[in-house]
Amino acid sequence: MSTKRHLIIPGIIAAILAVIGDLLVAFVLHMPPGHATTAANDDTFTGQVFAIISWSVGAAVVTYGVYFIAMAKRAPDAPAPSTGYLRVHLGLQIAWIATSVTLVMFAAGLGVVALEGQTNPHLVVPAKALAAGAGRDPLIIQVIGQQWQFTYRYPQYGGFETNQLRLPTGRLVQFDVTSLDVSHSFSAYQLAVKIDAISGINNVGYVYVLHPTVIDVRCGELCGLWHGYMTQVGSQVGRVLTPSQFSSWLSYAESTYGPEESNLPKFSLTYYPNPLTY
Amino acid sequence: MSSARKLTIVSGFLLFGVIALALYVIVWLAYNPETITPPTHVNAAGRTTTNMELATVGAIDMGTHPSWVAYLIRQDGKWVSSTVWQVPAHSVVHVTVLEYDTQTGLRNPFQSMVRGTVGGVEYVNGKAVRYMNPNLPAHTFSIPELGLNVPLEGISQSSYPGSIANPHNTHVTITFSFRTGGAQTLHWQCFVPCAAGYLFGQGGPMQTVGYMDGYLKVVSR
């Protein structure tokens with residue numbers, strides 16, 4: 001069999017495998033984190049692109065590898081191949097380098113474009129989220145990390161605090177994230193949000209929610225022995241609600257948590273404790 | 001490489017593996033905190049209830065850290081130092097806490113609200129309480145995964161006469177009930193930064209099973 005055929009046959013097999021895998025990635029398999037927010041959309045798209053690239057490259061590498069190992073198997077009594085068998089093939093080398101460079105440059109370009117599209121010149125508000133929520137003030141939700149729970153304040157609605165994360169669709173949401181003790185990280189999986197919670201610091205993140213969904217909240221920073229239990233899943237899961245459901249929930253929350261507001265400190269971007277007090 | 005050398009290397013790796021496994025087993029056996037199962041009752045209607053009697057105490061010279069604050073649980077009339085408790089699934093747990101520790105106050109006043117109990121209420125010396133002055137708790141009994149939070153009012157500094165060993169000691173009696181839900185292992189904790197001598201009051205007993213943290217093993221009947 002000619003060298004060309006040895007290249008073409010596994011190439012065809014790899015191409016078939018790549019097309020099947022890529023179609024599965026693009027249209028069948030769920031790629032996290034989903035489509036609940038504009039940021040989640042972007043993350044999901046990026047994940048799909050990289051999955052398609054890596055699957056295609058992987059299919060080619062594995063197929064050629066398996067094919068050549070299978071074909072190179074010689075009979076026990078056959079003479080050992082000469083060193084010429086391993087000769088340099090300039091065309092293959094150039095093709096390999098060109099393919100690698102193309103893929104890397106494509107990934108770099110994609111990253112630059114995504115970064116440009118995600119942020120305004122001040123790298124504060126994601127441009128897509130800002131555009132989607134244009135014309136309305138963002139809903140401010142303060143996320144307060146403490147060992148080992150996240151709680152939430154709604155300063156535009158009297159400043160009540162709750163252990164339930166609720167936010168509406170169709171509105172720009174601004175998360176102000178801080179901590180009362182050690183460093184935590186507010187990680188809301190379905191929102192594609194991960195913001196460090198540090199005492200004395202107010203970290204800000206924005207999200208524009210497209211669809212109602214549940215929100216699994218976890219701490220993303222090793223914050224002590226019970227870090228693994230700093231989650232809000234199951235019965236304590238967060239929720240994205242429709243605007244009318246959110247209004248109803250606000251009424252419930254204000255009546256439930258409102259009476260405690262007098263006990264809370266005045267709303268502040270940080271609540272830095274004095275470690276020497278204790 | 002000679003056969004003897006190969007044998008030596010393989011034997012060395014095997015010996016290392018055996019030692020590592022033995023250490024793992026020893027640590028596993030050593031870290032096996034005692035699980036207390038409070039008394040459970042099934043009433044005529046088939047509803048299961050558990051009565052759990054707890055005490056929170058300051059330094060009482062108990063365990064490996066005699067100066068640490070801790071929870072105790074009463075078993076067969078005796079106070080036991082254990083914070084791993086087992087209760088039935090889908091049952092109601094009636095809790096009585098004898099609060100012997102002094103008031104510290106909460107870092108986050110939000111935790112002064114009673115949440116997740118039956119009726120959203122606790123009883124402090126028989127008086128129904130839904131919100132507490134955030135300066136009053138000595139500790140909280142909280143299971144974030146259940147949404148349960150109960151601030152435990154401490155005794156005032158001025159009336160603190162000694163320890164639980166003192167029969168004339170004063171304490172605050174707190175009662176509340178909560179539902180366990182399905183079978184699972186829950187983590188419970190205190191939200192008052194009560195670890196004296198530790199940065200932010202959060203180290204030591206606040207992060208150690210047997211003191212201000214523990215597990216609630218909810219098991220199917």
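# Reading a two-chain model

User: In the hairpin of β6(A) and β7(A), which has four residues between the strands, which residue takes a positive phi?

Analyst: In that hairpin, where four residues lie between the strands, Ala192(A) takes a positive phi near 60 degrees. Please keep in mind throughout that this is a predicted model. As a general idea, most residues other than glycine have a negative phi, and most peptide bonds are trans. The two strands of this hairpin, β6 (residues 184–188) and β7 of chain A, run antiparallel and are joined by five bridges, and Phe186(A) has Ile195(A) in β7(A) as its bridge partner.

User: Which side chains of strand β7 (residues 193–197) of chain A are buried, and which are not?

Analyst: The side chains along this strand alternate, with Val193(A), Ile195(A) and Ala197(A) pointing to one face, where they are buried, and with Lys194(A) and Asp196(A) pointing to the other face, where they are not. Ile195(A), then, belongs to the buried face of the strand and is also the residue that pairs with Phe186(A).

User: How many bridges pair β10(B) and β11(B), and in which sense?

Analyst: These strands of chain B pair in the antiparallel sense over six bridges, and one example of a partnership is that of Ser142(B) with Asn149(B) in β11(B). Their hairpin has four residues between the strands, and Gly147(B) takes a positive phi near 75 degrees there. As for burial, β10(B) is mostly covered, since six of its seven residues are buried.

User: Where else in chain B is there a positive phi in a residue that is not a glycine?

Analyst: Asp76(B), which is not a glycine, has a positive phi of about 50 degrees and lies in the loop between β4 and β5 (78–80) of chain B. To judge exposure, one counts neighbouring C-beta atoms, and a residue is called exposed if 12 or fewer others lie within 10 Å. Asp76(B) has 7 such neighbours within 10 Å, so it is exposed. Asn125(B) also has a positive phi, near 50 degrees, in the loop between β8 (122–124) and β9 (127–129) of chain B, and with 12 other C-beta atoms within 10 Å it is exposed.

User: Which residues are joined by a cis peptide bond?

Analyst: Pro32(A) and Pro33(A) are joined by a cis bond with omega of about 0 degrees, and Pro33(A) has its place in the loop between α1 (3–28) and α2 (38–72) of chain A. Another cis bond, with omega of about 5 degrees, joins Gln147(A) and Trp148(A), where Trp148(A) lies in the loop between β1 and β2 of chain A.

User: Which residues of the largest nonpolar core touch the most other members?

Analyst: That core has 44 residues, and those touching the most other members are Val69(B), Ala70(B), Cys194(B) and Met212(B). Several strands of chain B each supply at least two residues of this core, among them β3 (48–57), β4 (70–75), β10 (137–143) and β11 (148–153). Beyond its neighbours within four places in sequence, Val69(B) is in contact with residues including Val57(B), Cys194(B), Tyr211(B) and Met212(B). A second, separate core holds 33 residues, including Val143(A), Val177(A), Tyr189(A) and Val240(A).

User: Does helix α1 of chain B lie largely in the open or is it buried?

Analyst: None of the 28 residues of α1(B) is buried, so this helix lies largely in the open. Its length can be checked too: at 1.5 Å a residue, the 28 residues (3–30) should span 40 Å, and the end C-alpha atoms are 40 Å apart, which agrees.

User: What domains are assigned to each chain, and how far apart are their C-alpha centres?

Analyst: In chain B the assignment gives domain 1 (1–32) and domain 2 (36–219), with C-alpha centres 43 Å apart. In chain A it gives domain 1 (3–74 + 86–118) and domain 2 (135–277), with C-alpha centres 39 Å apart. Within chain A, nine residues of domain 1 are in contact with twelve residues of domain 2.

User: How many residues does each chain give to the contact between the chains?

Analyst: Chain A gives 25 residues and chain B gives 20. On the chain A side, the elements giving two or more residues are β1 (139–146) and β2 (149–154), and by class that side has twelve nonpolar, ten polar and three charged residues.

Conventions: Residues are numbered from 1 along each chain as its sequence is written. Chains are lettered from A and ligands numbered from 1 in the order in which they are written. This is a predicted model: local features need pLDDT of at least 70, side-chain atom pairs count only at pLDDT 80 or more; totals for chains, interfaces and linings use all residues. Two residues are in contact if their C-beta atoms, placed from the backbone, lie within 7 Å. Ala, Val, Leu, Ile, Met, Phe, Trp, Tyr, Cys and Pro count as nonpolar, Asp, Glu, Lys and Arg as charged, and the others, Gly among them, as polar. Domain bounds come from an automatic or database domain assignment. A nonpolar core is a set of buried Ala, Val, Leu, Ile, Met, Phe, Trp, Tyr and Cys residues joined through C-beta atoms within 7 Å. A residue is buried if 20 or more other C-beta atoms lie within 10 Å of its own, exposed if 12 or fewer, and partly exposed in between; C-beta atoms are placed from the backbone. The expected span of a helix is 1.5 Å times one less than its number of residues. Two strands pair if DSSP finds at least two bridges between them.
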